[in-house]
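Okay, thanks for making room for me today. I'd like to walk you through one model, starting at a chain contact and finishing at a sheet.

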Amino acid sequence: MASIATPFEFKQCMGILKSTGKKAKNVKELCNYIGSVSDESIFHHTYQYFLKEHVLEYTNDFAHWVGESLEERSLSEQLSNVDPYDFETIKDVRREFQNVITRYLEGSPEPREARRGDEFYFNETVTLVFPVGIWVRNLAEFLMAMKVIESGSIYYHFYEARVRVQEKVDDFSRWIAESLGNEDLAMHIRSIDPFMHNVEEIRHHIADAVEDWIRKDMERMVQSP
Amino acid sequence: MIANYNGIAPKGDLILLQKLAEKLRSRSFLHVNSTKEGGGVAEILQRMIPIFQSLDIDARWETITGDAKFFDITKKIHNALQGNMETITDEMWEYHFELNKQNASTMDLDADAVIIHDPQPGPLVTFKKRGTWLWRCHIDLSNPVKDVYTRLGKYSGKYDAVIFSVARFARALKVDEFIIPPSIDPLSEKNRDLTQEEIWETAEKLNLPQDRPIILQVSRFDRFKDPTGVIEAYRMVKRYNDCVLVLAGSPATDDPEGAAVLALVEEFASSDPDIHILLLPPFSDKDINALQRMATIVLQKSLKEGFGLTVSEAMWKKKPVIGGAVGGIPLQIIHGVNGFLVNSIEGAAFRMRQLLNQPRLAQTMGERAQESVRANFLITRQARDYLAAWYASENKGATVLELT
């Protein structure tokens with residue numbers, strides 16, 4: 001494989017958690033605070049949900065709390081269905097969550113309150129971004145790197161990039177398309193559903209896709225006269 | 001020194017720690033608490049200060065001095081902040097402040113960043129010279145006695161930021177509130193690997209049988225750790241499973257209630273030869289390490305807890321831990337995955353019986369427990385977080401900080 005002009009630099013992000021001091025003990029309070037807390041808090045509880053080591057059947061902290069602490073399964077399913085990357089701004093995201101909750105409350109009996117100590121605590125993060133000292137120039141190096149980088153790096157480049165990058169795509173597929181000229185592989189990576197996998201599964205899917213492409217490319221080279 | 005954690009701590013933690021240290025190189029970083037021995041805070045600072053120093057940060061650790069009256073007052077404050085009714089008079093508050101004022105006159109409080117640990121030295125911020133001051137609270141503040149919280153709160157507003165161990169401890173304050181859980185040092189005497197000979201040596205020294213499962217709880221003798229509840233749970237289990245209970249603790253110089261609780265526990269144990277109550281001298285780290293490694297199951301059946309460092313210690317040694325669902329314990333134990341959370345004596349007894357009868361479950365839980373601690377609760381992560389809180393406080397308003 002030929003070297004390319006623009007190497008890919010792996011970075012990683014880690015967050016230091018901050019409390020907003022606000023907590024909700026029931027669904028109505030959750031809805032009200034979703035409307036008033038900072039953008040950083042909404043970002044943390046939605047976009048940054050996938051930084052966590054384990055993911056249950058939820059896709060954001062609101063759904064997780066409603067499902068686990070309040071046992072409102074139907075509402076937690078509806079909240080899990082909100083994809084923040086579908087929206088242009090955080091304001092739109094918070095409005096959607098509020099709409100989901102409001103519609104639910106209109107058609108359902110009053111949900112119970114959380115037990116003391118089990119309230120929803122609104123937090124936010126200060127995110128620190130740093131290079132991990134790995135640069136790759138081609139797919140083979142990219143594949144090796146994918147196997148060793150930490151989950152915080154996968155999260156930064158696969159999830160957080162969608163908010164950071166104007167085209168709203170992940171860093172990996174963008175580099176593969178723009179720097180390597182490999183649109184097919186890029187599209188394959190873009191088709192990986194971010195909500196249906198945790199970060200480690202994302203790693204395996206990407207590594208498998210790249211390895212598969214490398215193997216097929218080598219087979220083509222061998223078969224060519 | 002950081003290189004010693006290669007292969008143990010996550011690489012990203014080590015890289016970020018070094019990046020932050022580059023930004024803060026040669027700057028002074030002072031920590032102040034109330035005791036150099038006993039309790040989790042002293043234990044962490046003993047290990048963390050050298051880590052900062054090895055990264056060329058001018059870190060130092062000072063302790064305030066106080067008499068029995070002072071520590072009696074601060075223990076009442078501690079209990080009240082954890083929700084227990086205590087009478088603290090104006091005279092006692094004044095004494096608390098005056099002792100701190102005396103300490104301030106003899107201590108060197110000049111530093112680029114200062115972290116004051118817990119309420120004992122809280123008023124020192126009144127004598128701040130310069131720099132970024134952070135108040136680090138290890139206590140469960142989720143349901144404090146209001147008056148006590150208000151009186152202490154007048155100091156918290158003078159800090160640049162406050163640090164809590166768990167989000168649910170945080171309050172609505174006018175300053176930034178960081179959430180930084182405590183941690184363990186995998187290389188310390190308390191947590192390093194031990195040989196089987198070292199473990200047997202402790203068992204022999206402490207006269208503990210090795211032919212039956214050991215149920216262990218390691219804590220200060222404090223009513224919030226529910227030692228009598230642990231004994232009751234053990235008695236329920238003993239009906240079906242022959243085992244030995246060990247309650248081990250060390251005194252802390254800033255805890256005047258320990259002796260009374262110990263006496264209560266000894267009486268409750270009623271001379272049962274299979275209940276071993278051990279009052280270990282301070283710095284019995286290797287013996288505690290050995291106890292945790294020889295245990296079959298570890299308990300931390302707290303009724304109130306700040307963080308519960310002993311939970312992570314035991315998890316690091318691949319032990320299944322049964323913890324009270326309070327304080328920072330649910331932050332460490334994912335129920336049913338790497339341990340069990342319980343809410344009652346009966347719950348603890350049930351999980352003890354379950355683990356004693358399902359050794360494969362215990363083993364799997366223990367392995368997951370170790371990896372969970374590696375990812376979240378090692379000292380390198382906490383050192384990183386302290387530097388990050390300092391750096392973020394100096395870059396107020398920034399939500400993303402790029403370190404090149």
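**Where B meets A, and a sheet in B**

So, let's start with a single pair: Glu402(B) and Lys11(A) meet through their side chains in a salt bridge, 3.4 Å from N to O. Keep in mind that this is a predicted model. Between chain B and chain A the salt bridge count is 2, and there are 10 residue pairs in polar contact, both residues being at pLDDT 80 or more.

Which elements of chain B give two or more residues to the side that touches chain A? They are helix H1 (11–24), strand E6 (176–179), helix H14 (379–394) and strand E13 (400–402). H1(B) gives the most, with 7 residues. If you sort that side of chain B by class, you get 19 nonpolar, 4 polar and 10 charged residues.

Okay, the overall extent. People often give the size of an interface as the accessible area lost when the parts come together. For chain B and chain A the buried area is about 2,400 Å², and carbon and sulfur atoms give 61% of it. Counted by residues, 33 from chain B are in contact with 26 from chain A.

Now back to Glu402(B), please. Glu402(B) sits in E13(B), and standing opposite is Val129(A). That belongs to a pairing across the chains: strand E2 of chain A, residues 120–136, is joined to E13(B) by 3 bridges, and the two run parallel. So much for the contact with chain A.

Let's turn to a sheet in chain B. How many strands form it, and in what order? There are 6, in the order E9-E8-E7-E10-E11-E12, making an open sheet with parallel pairing. At the edges you have E9 (275–279) and E12 (339–342) of chain B, each pairing on one side only. From one strand to the next, the twist averages 20°.

Zoom in on one pairing there: E7 (residues 214–218) and E8 (residues 244–249) of chain B pair in the parallel sense over 5 bridges. Within it, Val218(B) stands opposite Ala248(B) in E8(B).

Two helices to finish. Helix H8 of chain B, residues 258–269, packs on the sheet and touches E8 and E9 of chain B, with its direction making about 165° with that of E9(B). Helix H9 of chain B, residues 285–294, also packs on the sheet, touching E7, E8 and E9 of chain B. The direction of H9(B) makes about 140° with that of E7(B).

That's my tour, thanks.

Conventions
Residues numbered from 1 in each chain as written. Chains lettered and ligands numbered in written order. Predicted model: local features only at pLDDT ≥ 70, side-chain atom pairs only at ≥ 80, totals over all residues. Heavy atoms only, no water. Contact = heavy atoms within 4.5 Å. Buried area = accessible area lost by both parts, 1.4 Å probe. Salt bridge = Lys/Arg side-chain N within 4 Å of Asp/Glu carboxyl O. Polar contact = N/O pair within 3.5 Å; in protein donor to acceptor, adjacent residues only side chain to side chain. Helix = DSSP H or I, 4+ residues; strand = E, 2+ residues; numbered from the N terminus. Nonpolar A, V, L, I, M, F, W, Y, C, P; charged D, E, K, R; others polar. Pairing = 2+ DSSP bridges. Axes fitted to C-alpha atoms, helices over the stretch in contact; angles between N-to-C directions.
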